[in-house]
Amino acid sequence: MRRIYLDNASTTPIDPAVLEEMMPYLTEKFGNASSIHFFGQQARAAVDKARHQVASLINARPNEIVFTSGGTESNNLAIRGLVQANEKYGRHIITSQIEHPAVKEVCIDLENKGYEVTYLPVYENGIVKLEDIKSAVRQDTILITIMTANNEIGTLQPVEEIGEFVNQLREQGKRIWFHTDAVQAVGKIPIDVEQIKCDLLSISAHKIYAPKGVGALYVRSGVRIKRQNIGGHQERERRGGTENVAGIVGFGKACELAQLRLAETSEYLRKLRDRFEAAIAERVNEIVFNGDRQKRLPNISNISFRYIEGEGLLINLDMSGIAVSTGSACSSGSLEPSPVIRALGRDDEMARSAIRFSFGKFNTDEDVNYLLEVLPKAVNQMRKFSGLLERSRF
């Protein structure tokens, strides 16, 4: 059976060039990057090279990159680290209703510890309004954390405008910082920390064709954070723990490749997605595209199919060899409707029927053709079955 992977927002396969770069550090170049002998310095040089590669992709300085275990740790270190190091300036945080659980649940936990959090709406288009952010700022606001791009619907948030606003507040003497979770955006659209003017930015390697278990946090020079991993002096005292050298090397190579081919890859993904959306709109009725159709990532399409359960459609497609998602992989297994889709104003039925199709650079036109062959049949079959069940009740 043919198998097609269309869940690239969840994770991506490792690029062969990335794996090739990693292999020596899984075999003969096995040193600990903290050791001062030859083997250790060999590993240290590889980590330093990767730090430059990651920094270059987002226009940062190498010493502003902190390697972590992934996006979740980066978000935790950014949010907890910032507010704990600077809580004398305030204990109020502003975020949105559609943040990834790695941000949302940190905020909930901080609420339980005495912080106050404002969760801003995103409206039907899935985008936060700058005016709402401005209205939400208080005397004790210490942090604004808004994602760059949503992981379920792909909508792009006005991070450059937010960064400009935060810098204006600082020029007026206010102590306030801005963090953005850019895990879904990095490698798919241009990300420049100087244009965004953010203080902290989270990245994850496995979203850009590198291995799982490694990520990075950008920390602007001069920004104080309290380290969360204690027990080692790595990462300039900001994150203790022996470095995952092979993973970091792969991460660096993936960033280098992403930077070299960013425009080309972005346009390729957009063409695949747009062709799929145009064709499915003609072949399947009673569908709703979720989120803004223009201000979004080039690779994500989120569609609600009326009269069916999204989980059922996912299983149906999987049996035909097509892998998709009903939302965030970190929330999979939950029978609750997607809070992201609900935040758009959709009812529970539409939220439960939402499917995310996320394309990657290894997908082809033939993959789209097969999807367009299988998906309409699956939807029609499920709707007929649903109709039979409904009629059988009477």
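Two strands count as paired here if DSSP finds at least two bridges between them. By that yardstick, strand 2 and strand 8 (residues 215-219) of this predicted model make an antiparallel pair with four bridges. One of the contacts across this pair puts Phe67 with Ala216, its bridge partner in strand 8.

Zooming out, the pair belongs to an open sheet of seven strands, and reading across it gives the order 2-8-7-6-5-3-4, with mixed pairing. Strand 2 and strand 4 (116-120) sit at the edges with a single partner strand each, so each has one side without a neighbour in the sheet. Direction aside, neighbouring strands are turned against each other by 20 degrees on average. Strands of a sheet can pair parallel or antiparallel, in either case through backbone hydrogen bonds.

Strand 7 (residues 200-204) shows both kinds of pairing. With strand 8, strand 7 runs antiparallel over five bridges, and here Ile203 stands opposite Ala216. So what does Ala216 of strand 8 face on the strand 2 side? There, Ala216 is the bridge partner of Phe67. Strand 6 (residues 177-181), by contrast, runs parallel to strand 7 and is joined to it by three bridges. Across that parallel pair, His179 stands opposite Leu200 and Asp181 opposite Ser202.

Burial is the next thing to look at. In a regular strand, side chains alternate between the two faces of the sheet. In strand 7, Leu200, Ser202 and Ser204 point one way while Leu201 and Ile203 point the other, and all are buried. That makes five buried residues of five in this strand. Strand 2 (residues 65-68) is likewise covered on both faces, with Ile65 and Phe67 buried on one side and Val66 and Thr68 buried on the other.

Helices lie against the sheet too. Helix 2 lies across strand 2, strand 7 and strand 8, and runs at about 115 degrees to strand 2. Helix 4 (residues 101-112) also packs on the sheet, where it touches strand 3 (92-96), strand 4, strand 5 (141-145) and strand 6, its direction making about 145 degrees with that of strand 4.

Then there are the charged side chains. Side chains of opposite charge can pair when their charged atoms come close. The whole structure has 26 salt bridges. One of them joins Arg44 and Glu243, with 3.0 Å from N to O. Arg44 is in helix 2 (residues 38-57) and Glu243 in the loop between strand 8 and helix 8 (245-260), so this contact ties together parts 199 residues apart in sequence. Glu243 is buried, at 9% relative accessible area. Asp48 joins in as well, being linked with Arg44 and Glu243 in a network of salt bridges.

Another salt bridge pairs Glu194 with Arg220, whose closest N and O atoms are 3.2 Å apart. This pair links helix 7 (residues 193-196), which holds Glu194, to the loop between strand 8 and helix 8, which holds Arg220, 26 residues apart. Is each partner buried or partly exposed? Glu194 is partly exposed at 40% relative accessible area, whereas Arg220, at 19%, counts as buried because the cut-off is under 20%.

A more local case comes from helix 8, where Glu256 and Lys253 form a salt bridge with closest N and O atoms 2.9 Å apart. These two residues are three apart in the helix, so about one helical turn separates them. Glu256 is partly exposed at 27% relative accessibility, while Lys253 is buried at 16%.

Definitions and conventions. Residues numbered from 1 in each chain as written. Predicted model: local features only at pLDDT ≥ 70, side-chain atom pairs only at ≥ 80, totals over all residues. Heavy atoms only, no water. Buried < 20%, exposed > 50% of the residue type's maximum accessible area, 1.4 Å probe, protein only. Salt bridge = Lys/Arg side-chain N within 4 Å of Asp/Glu carboxyl O. Axes fitted to C-alpha atoms, helices over the stretch in contact; angles between N-to-C directions. Contact = heavy atoms within 4.5 Å.
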